[in-house]
Amino acid sequence: MKSTPWWKEAVIYQIYPRSFCDSNGDGDGDLAGITSRLEYVQKLGVDAIWLSPFYTTPNKDGGYDVANPRDVDPRFGNLEDAKLLINHAHELNLRVIADIVPNHFSDQHAWFQAALKADRGSPERNRFHFYDAKPDGTPPNNWISLFGGPSWTQVEDGQYYLHLFDSSQPDLNWENSEVNVDFETTLRFWLDLGVDGFRIDVAHGLVKEDIQENHPDPAGLSEALRLDVEMETSKRNALLESVPYFDRQGVHEIYRTWRRLFDSYGNRDVMAVAEAWVHPPINATLYVRPDELHQVFNFDLLTAPFDGAYLFDVINRSIQLNAMVNALPTWALSNHDSPRVASRIGDSESRALALFVFALPGSAYVFAGQELGLPDGELRDSDRVDPSFIRTNGAIKGRDGARVPLPWSGSHPPFGFTTGKPWLPMSQSWKSLTVESEMDNSKSTLAMYRSALELRALHLTGTGDISWLESPLHGSMRSDLLIFKRGSITVVMNLSIKAQEIELQGVPLIISSGELTNLDGTTLMPALSCMWCLN
Ligand code: NOJ
């Protein structure tokens with residue numbers, strides 16, 4: 001019998017290489033820096049690391065603008081450093097997931113440079129989406145870039161090329177078979193170097209339809225795609241379903257081909273996780289059908305309010321939808337594209353939610369720094385480099401706040417991250433949030449994460465479904481208390497701003513995100529907290 005594959009319920013630690021640890025004092029994190037900190041990552045109790053891109057890049061979009069996907073950018077080191085990192089991770093029993101960016105290349109990639117020099121209609125241009133201008137000279141359609149502004153840029157001979165993101169990120173034409181051949185070469189390149197899986201960037205965007213047609217509401221659509229813009233849910237959903245460049249049927253054929261490639265690596269158990277922002281939610285499950293990818297990110301918790309009824313719904317929905325295709329959900333509270341969870345919902349709330357989520361079936365993603373309870377960095381506009389900030393003239397603040405480097409040690413910035421000047425400024429107020437100071441504090445967020453992951457491995461992994469005991473749909477319809485059982489553990493989350501009396505009836509408490517108190521023989525569970533008890 002085949003044992004459960006490693007990724008099914010893995011805890012995966014996301015490292016944004018530029019912000020993790022700098023080994024050479026240039027102010028940018030690098031691969032050697034990551035390697036030097038892998039013992040720390042292992043002791044955290046995670047199963048794998050996911051590395052955001054470290055490939056050759058002009059770095060217009062934090063490395064998601066790839067100029068050579070089969071080499072390392074000198075900022076991050078070289079291929080030898082990548083090998084050392086992968087090998088050391090494996091020695092520590094950590095798997096390595098690399099990021100692959102198939103929707104676009106950087107405009108500095110050799111293919112795009114060749115396309116610029118080639119004629120309209122040439123094979124070089126056919127690898128991208130080059131189109132003639134409309135008779136009045138305007139772009140082929142009215143699509144708007146996800147970073148703001150038009151999604152078309154004109155080249156010298158008058159043709160336009162499509163870029164769903166920055167103008168330095170031309171979209172690839174997946175109808176051209178050369179594109180997939182090249183990506184398969186890249187997948188094999190990294191697999192042969194030892195990586196264990198891939199995170200697929202914009203996995204839902206590769207196939208475009210109706211390129212020469214206008215979208216009826218491009219401005220509405222670009223707002224609907226932004227997490228920071230409030231919009232009535234039904235309006236947002238309708239707009240998201242209308243996107244002509246996301247979630248087209250053709251993408252699934254690409255992943256079926258890739259799955260065969262992954263499976264050809266046999267007992268290596270290669271996995272891939274899709275970044276697919278799709279609508280309606282059931283569409284996400286199509287990416288994890290048995291002959292496609294292994295996981296798809298569920299982004300619900302990146303935006304969810306700390307509200308019992310809301311959490312109950314999105315958690316149930318994700319579990320049920322994944323079950324339809326025999327997959328398990330994924331959970332993520334933070335990543336490099338969204339505000340850090342501690343800033344978004346609050347410190348106590350984010351600790352409680354993390355503990356709650358670690359007890360759920362499926363795989364949990366932790367964005368480096370989340371385990372320290374790190375908030376977003378405080379930045380001045382002059383510090384910001386995110387293309388969405390630049391392209392909107394500052395109307396969108398962008399994602400730099402979540403990308404401020406990690407504080408490791410000491411009492412002043414740059415807190416051991418670098419010996420030089422960090423690429424984004426770090427706040428003096430992070431003194432109590434360094435790895436060093438949290439390591440010595442049994443009440444720190446880091447201490448809670450370490451214990452939780454140890455207990456998860458011991459009591460929860462592989463124990464199957466959850467059963468709700470008290471929830472918005474059960475008993476008294478309370479949405480300020482969520483309780484479920486899974487395996488030998490009962491998980492209780494108090495979402496109210498008041499402490500709640502609870503009866504532990506002799507059941508041992510094994511971990512809590514807040515401190516329980518005893519008042520006249522009554523146990524009080526603190527406000528905004530979560531705990532696990534043994535049944
Ligand atoms: C999603 C990545 O997570 C984000 O950082 C990037 O800007 C876009 N895709 C474009 O590659």
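Colleague: Why is Cys530 called buried?

Modeller: Its relative accessible area is 0%. Buried means under 20%, exposed over 50%, partly exposed in between, with a 1.4 Å probe and protein chains only. So Cys530 counts as buried. This is a predicted model, where local features need pLDDT of at least 70, side-chain atom pairs count only at pLDDT 80 or more, and totals for chains, interfaces and linings use all residues. Residues are numbered from 1 along each chain as its sequence is written, and side-chain values use heavy atoms, without hydrogens and water.

Colleague: What about Cys21, buried or exposed?

Modeller: Buried, at 5% relative accessibility.

Colleague: How do you know that Cys530 is in no disulfide?

Modeller: A disulfide needs two cysteine sulfur atoms within 2.5 Å. The nearest cysteine sulfur to Cys530, that of Cys533, is 9.5 Å away. The structure holds zero disulfides.

Colleague: What makes the contact between Asp201 and the ligand polar?

Modeller: A polar contact is a pair of N or O atoms within 3.5 Å; within protein, one must be able to donate a hydrogen and the other to accept it, and residues adjacent in sequence count only if both atoms are side-chain atoms. A side-chain N or O atom of Asp201 sits 2.7 Å from a ligand oxygen. So the pair qualifies. For His336 the distance to a ligand oxygen is 2.8 Å, and for Arg199 it is 3.0 Å.

Colleague: How do you know that S19 and S20 pair?

Modeller: Pairing takes at least two DSSP bridges. S19 and S20 have three, in the antiparallel sense. One joins Leu519 to Thr522.

Conventions
Helix = DSSP H or I, 4+ residues; strand = E, 2+ residues; numbered from the N terminus.
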